[in-house]
Amino acid sequence: MAKVKVAFFCTNCGAESPKWMGQCPSCKAWNTLVEEKVVQSKNDRITQQPDWRSVGNGAAAAAAGPIGKGPRPVRLDEVTAGEVQRLVGPDRELNRVLGGGIVPGSIVLFGGQPGIGKSTLLLQLALRLGKRVLYVSGEESEEQIKMRADRLGGSMDNCYLLTETNTDKLLQHAANLKPDLVIADSIQTLASPHVDSMAGTVSQVRECAAELQRFAKESGIPVFLIGHITKEGSIAGPKLLEHIVDAVLQFEGDRNYTYRILRTLKNRFGSTDELGIYQMDSEGLREVSNPSELLLSERDENLSGSAVCATLEGMRPMLIEVQALVSAAVYGTPQRSATGFDLRRLSMLLAVLEKRAGLSLGNQDVFLNIAGGLRVDDPAIDLSIIAALLSSAQDVMISPDLCFAGEVGLSGEIRAVTRIEQRIQEADRLGFRGIYVSKYNVKGIDPERYSIRIHTVATVREIYEELFA
C-alpha cells in the first residue's frame with residue numbers, strides 16, 4: 001500500500017523540504033516553497049551503504065554485492081566517438097541556432113511569452129521537415145491545430161497529432177509510431193501517473209521531463225518541449241528543468257512588432273552565440289536572412305536625431321537604426337525614456353556628454369528608441385547613441401551613409417569593441433561610405449581591403465567636432 005506524505009518544493013530550484021520555510025535553504029529565494037503530495041511505496045527500502053574506509057582489504061566490494069548487468073566503467077581512451085549525423089530541417093535559422101541541425105536523442109526546450117509564436121514555429125517545422133513527426137498537444141484540440149496548419153501550409157502526410165497529457169500513454173504511442181521527432185506542447189500540461197500532484201507543479205514538471213529524457217536517450221528520437229515562462233521572463237518550473245535538457249532556446253520579440261529573435265541560452269551540441277531572426281506574417285514565421293536591410297528600410301534621410309550602429313547579435317553582425325529626441329522640458333522636471341536600451345546606461349551617456357563635450361542637457365527631455373522593436377545590449381551601440389543625441393540637440397542631420405561602432409567610457413574615451421572586422425564588412429556590404437570606430441580598434445586592419453572609409457576617433461569631443469563643428 002502506498003503511503004502519502006506532504007513535502008514542500010522550491011519553484012525556483014526544485015529543492016525539497018519537509019516543512020514550509022520562508023526562504024529556500026538551497027537557492028536562498030524567498031516565498032518559493034509550495035506544498036505537494038508525494039506517494040511513497042512501502043516496498044521502498046534503503047540499501048545499507050558499505051564502509052568505504054575498508055576498501056583496501058576488499059571488504060567494500062564484498063559489502064556492495066554483485067553489480068549485475070548495466071553500464072560499467074570504461075577507460076576514456078577506449079571510447080570511440082563518431083561524427084553525429086544531424087537531422088537538417090528546412091528552417092535555416094533554427095539549424096543555425098541548434099549548431100547545424102537536430103541531434104538524434106537530444107531534448108530541446110523552447111521558452112517564450114504567450115502568443116510570441118512558439119507553437120507556430122514548431123508546427124511549421126513539423127509540416128516542412130519531410131520526416132515523421134508526432135505533435136503532442138495538451139492545450140489545443142485537433143481542430144485548432146488543423147486550422148493553424150491550413151494557414152501555415154506544408155505537407156500533412158507525415159505529421160501526426162495527439163491530444164494527450166498522460167506521459168505513459170504519450171510514450172506508448174511514440175514507441176508504436178516510431179517518429180523521427182516528438183514535439184510536446186507544453187511541458188506544463190503533461191502529467192505523470194507516478195506522481196500524485198497536479199500538472200504544472202514542480203514535481204510533475206521534473207518527473208515528466210525526466211521520463212521524456214530517458215525516452216529520447218534510449219530511442220535516439222529527438223524531443224522538443226515548449227515551456228511557459230514566469231512574469232519575470234524565466235522559464236516556469238524548477239531550474240532543474242533547464243539542467244535536464246540539452247538545449248534551451250528563448251523566443252523573444254515585441255508583440256507589437258513583426259520581428260522575432262530565437263536565442264540560445266544553453267546548447268550542449270553547439271555555440272550559445274548564434275541566434276535566428278524571423279518575421280511574423282499571415283502565413284507564419286518567415287526567415288530573415290538579411291536583417292540589416294529590413295531594419296534600415298524605413299529610414300528618413302532628411303531628419304536629425306538618427307544614427308546607424310554596426311552591432312552584433314550573438315555572432316551575427318547587423319546594422320540597426322538608433323533614434324533620439326532632445327527637446328526642452330515643458331513640465332520643469334526633465335524626462336528620460338529609453339525603448340530597447342538600458343535606461344541607466346542612457347543616463348550615464350548623458351552625464352558623459354555634459355562633462356566631456358560641454359553639452360547642457362539638464363533642462364532637456366531625452367527620448368531614445370531602437371527601431372524595429374529590438375533590445376540591444378551590445379556596448380558598441382554607445383557611439384551611435386552619442387551621435388544621435390548630438391544630432392537631435394544640434395538639429396543637424398547625420399549623413400545617411402555613415403555608421404558607428406564603439407563603446408564610450410566614463411572619461412569620454414571611445415573604447416575598442418570585439419569583432420570589429422565583421423562589423424566593417426557588414427557596413428561595407430550594405431553600401432555605407434564611412435564608419436566611425438575607436439582608434440584602438442584599427443590595429444592589424446588593412447583599410448585597403450574595404451571600399452568603406454574607416455574614421456578613427458578617441459574621445460566624445462572628437463566625434464562632436466567631426467560631425468557638427
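**Figure 1. Salt bridges in the predicted model.** The count comes to 21 salt bridges. The model is a predicted one. Side chains of opposite charge can pair when their charged atoms come close. The next views show individual pairs and one network.

**Figure 2. Asp382 and Arg345 meet in a salt bridge.** The N-to-O distance is 2.3 Å. This pair links distant parts of the chain, 37 residues apart. Asp382 belongs to helix H10, residues 382-394. Arg345 belongs to helix H9, residues 343-356. Asp382 is buried, with a relative accessible area of 1%. Arg345 has 24% relative accessibility and counts as partly exposed; the buried class ends at 20%, so Arg345 falls outside that class.

**Figure 3. Asp342 pairs with Arg344 in a salt bridge.** The closest N and O atoms are 3.8 Å apart. Asp342 is partly exposed, at 29% relative accessibility. Arg344 is exposed, and its relative accessible area is 69%.

**Figure 4. A salt bridge within helix H12 joins Arg461 and Glu465.** Their side chains meet at 3.8 Å, N to O. The two residues are four apart in the helix, a separation of about one helical turn. Both partners are partly exposed. For Arg461 the relative accessibility is 36%. For Glu465 it is 43%.

**Figure 5. Arg75, Asp77 and Glu78 form one salt-bridge network.** The three residues are joined by salt bridges that share partners.

**Figure 6. Phe251 and Tyr278 form an edge-to-face aromatic pair.** A pair of aromatic rings is described by the distance of the centres and the angle of the planes. The model holds four aromatic pairs by count. In the Phe251–Tyr278 pair the ring centres are 6.0 Å apart, and the planes meet at 75°. Planes over 60 degrees apart count as edge-to-face, so the 75° angle places the pair in that class. Phe251 lies in strand E9, residues 247-252. Tyr278 lies in strand E11, residues 275-281. The pair therefore ties together parts that are 27 residues apart in sequence. Phe251 is buried, with a relative accessible area of 2%. Tyr278 is buried too, with a value of 0%.

**Figure 7. Tyr464 and Phe468 form a tilted aromatic pair.** The ring centres lie 6.2 Å apart, with the planes at 40°. That angle is neither under 30 degrees nor over 60, so the pair is classed as tilted. Both residues sit in helix H12, residues 460-468. They are four residues apart, or about one helical turn. Phe468 counts as buried, at 15% relative accessibility. Helix H12 also holds the Arg461–Glu465 pair of Figure 4.

**Figure 8. The largest pocket holds about 300 Å³ of space.** Its lining has 16 residues. Closest to the pocket centre are Arg263, Leu312, Glu313, Gly314 and Asp377. By class, the lining divides into nine charged, four nonpolar and three polar residues.

**Figure 9. Strands and domains contribute to the lining of the largest pocket.** Strand E10 (259-267) and strand E13 (306-313) each supply at least two residues. E10 gives the largest share, three residues. Domain 2 (92-289) and domain 3 (293-468) each provide at least three residues of the lining.

Conventions:
Residues numbered from 1 in each chain as written. Predicted model: local features only at pLDDT ≥ 70, side-chain atom pairs only at ≥ 80, totals over all residues. Heavy atoms only, no water. Phe/Tyr/Trp six-rings, centres within 6.5 Å; stacked < 30°, edge-to-face > 60°. Buried < 20%, exposed > 50% of the residue type's maximum accessible area, 1.4 Å probe, protein only. 1 Å grid on protein atoms, 1.4 Å probe; cavity = no way out; pocket = protein on both sides within 12 Å on 5 of 7 lines; lining within 4 Å. Points joined across faces, edges and corners; volume = space filled by probe spheres on them. Nonpolar A, V, L, I, M, F, W, Y, C, P; charged D, E, K, R; others polar. Domains from an automatic or database assignment. Salt bridge = Lys/Arg side-chain N within 4 Å of Asp/Glu carboxyl O.
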